[in-house]
Amino acid sequence: MPAEANPHKATKAAKAAKAEKPGTAEKPGTAEKPENAENADRAARATTAGGDGARLTSPASPLTERQEARRRSILQATAQLACRGGFDAVQMREVAESSHVALGTLYRYFPSKIHLLVATMQDQLEHLHGTLRKKPPAGETAAERVAETLMRAFRALQREPHLADAMVRALTFADRSVSPEVDQVSRQTTAIILDAMGLDDREPTAEQLSAVRVIEHTWHSALITWLSGRASIAQVRIDIETASRLIDLTATEAEGS
């Protein structure tokens, strides 16, 4: 019988094609149901703008222990694939297979490869933050401590250049649908810098927060130029140290006001 005359084969092919599309992954409840009704409601509220499925990764929707373990497995598989082959090596089907989850389930956690890689960067920064807290920077001034901290973060990414390139490319390609994940990366970077400043539980001033944003932009730009081969490590250090001096300038202004 010709393929077009066989409705069973046509239906099977249509389902297979649908499963490949991020926006048409299995809906919650058809592949793997949340553990209870409360989580189902949270997942529904976390639906992204323009997305077709409920997401389980929004900061507003806490995960159960089982869901969190699954999410960590997904992020670890993503990092391993990226370490081996960079951005192009991270394919949703391969991530699903490596983390032992259904493809539809993966799309419920991360609607696209970009969402996945940006979340991976946030996860890497969170681990780095924990390491930095165990061994804080030793500079005498806030600027020195911030520069040392960011160079340690840079060297951590430098050890896995394929992974760093994949995560930075994802940040660069991210559109508005990835805003929650990008905001998480920014908040994590801000927390790392504020810890290095040593404010002693004092709230940062508006000027200090502005300086932190400029430093974040400089760090991100320096990472991009290094990954593209347009800047040496020495130049990266100079740029980061120069931007970090803004911290001492804003501290002086705060003391004088």
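# A tour of an all-helix predicted chain

The mean pLDDT of this chain (the predictor's confidence in each residue, from 0 to 100) is 80, with 74% of the residues reaching 70 or more. The model is a predicted one, in which local features need pLDDT of at least 70 and side-chain atom pairs count only at pLDDT 80 or more, while totals for chains, interfaces and linings use all residues. Residues are numbered from 1 along each chain as its sequence is written, and side-chain values use heavy atoms, with hydrogens and water left out.

**Whole chain.** Display the cartoon, which has 11 helices and zero strands; helices (H or I, at least four residues) and strands (E, at least two) are DSSP runs, numbered from the N terminus. Of the 257 residues in the chain, 42% are buried, where buried means under 20% relative accessible area, exposed over 50% and partly exposed in between, with a 1.4 Å probe and protein chains only. Contact here means heavy atoms within 4.5 Å; among contacts between residues at least 6 apart in sequence, 71% join residues at least 24 apart.

**Colour by confidence.** Select residues 1–53, over which pLDDT stays under 50 and for which the model has 50 contacts beyond four places in sequence. Where pLDDT is low, the predicted coordinates should not be read in detail. Among the elements of the chain, helix α2 (residues 37–45) has the lowest mean pLDDT, 32, whereas helix α4 (residues 92–99) has the highest, 97.

**Helix α3.** Move next to residues 65–85, a helix of 21 residues that reaches 31 Å from its first C-alpha to its last, close to the 30 Å expected at 1.5 Å a residue, the expected span being 1.5 Å times one less than the number of residues. Its buried residues include Arg70, Arg71, Ile74, Leu75, Thr78 and Leu81. Just after α3 comes Gly86, whose phi is positive, near 75 degrees.

**The nonpolar core.** A nonpolar core is a set of buried Ala, Val, Leu, Ile, Met, Phe, Trp, Tyr and Cys residues joined through side-chain atoms within 4.5 Å. The largest one has 59 residues, and Leu106 and Trp219 are those with the most contacts inside it. Helix α6 (residues 113–134) gives the largest share of this core, nine residues. Centre the view on Trp219 to find that, not counting residues up to four places away in sequence, it touches Met121, Leu125, Leu150, Ala153, Phe154, Leu157 and Ile240.

**Met121 and Val185.** Met121 lies in helix α6 and counts as buried because its relative accessibility is 2%. Leaving aside neighbours within four places in sequence, Met121 is in contact with Met167, Leu171, Val185, Trp219 and Leu223. Follow the contact to Val185, found in helix α9 (residues 179–197) and likewise counted as buried, at 8% relative accessibility. Beyond four places in sequence, Val185 touches Val118, Met121, Gln122, Leu125 and Leu171; the C-alpha atoms of Val185 and Val118 are 7.5 Å apart, although 67 residues separate the two in sequence.

**Helices α9 and α10.** Finally, show α9 together with helix α10 (residues 206–227), which pack at an angle of about 115 degrees with their axes 10 Å apart; axes are lines fitted to C-alpha atoms, for helices over the stretch in contact, and angles run from 0 to 180 degrees between N-to-C directions. The contact is made by Ser186, Thr189, Thr190, Ile193, Leu194 and Met197 of α9 and by Gln208, Val212, Ile215 and Glu216 of α10.
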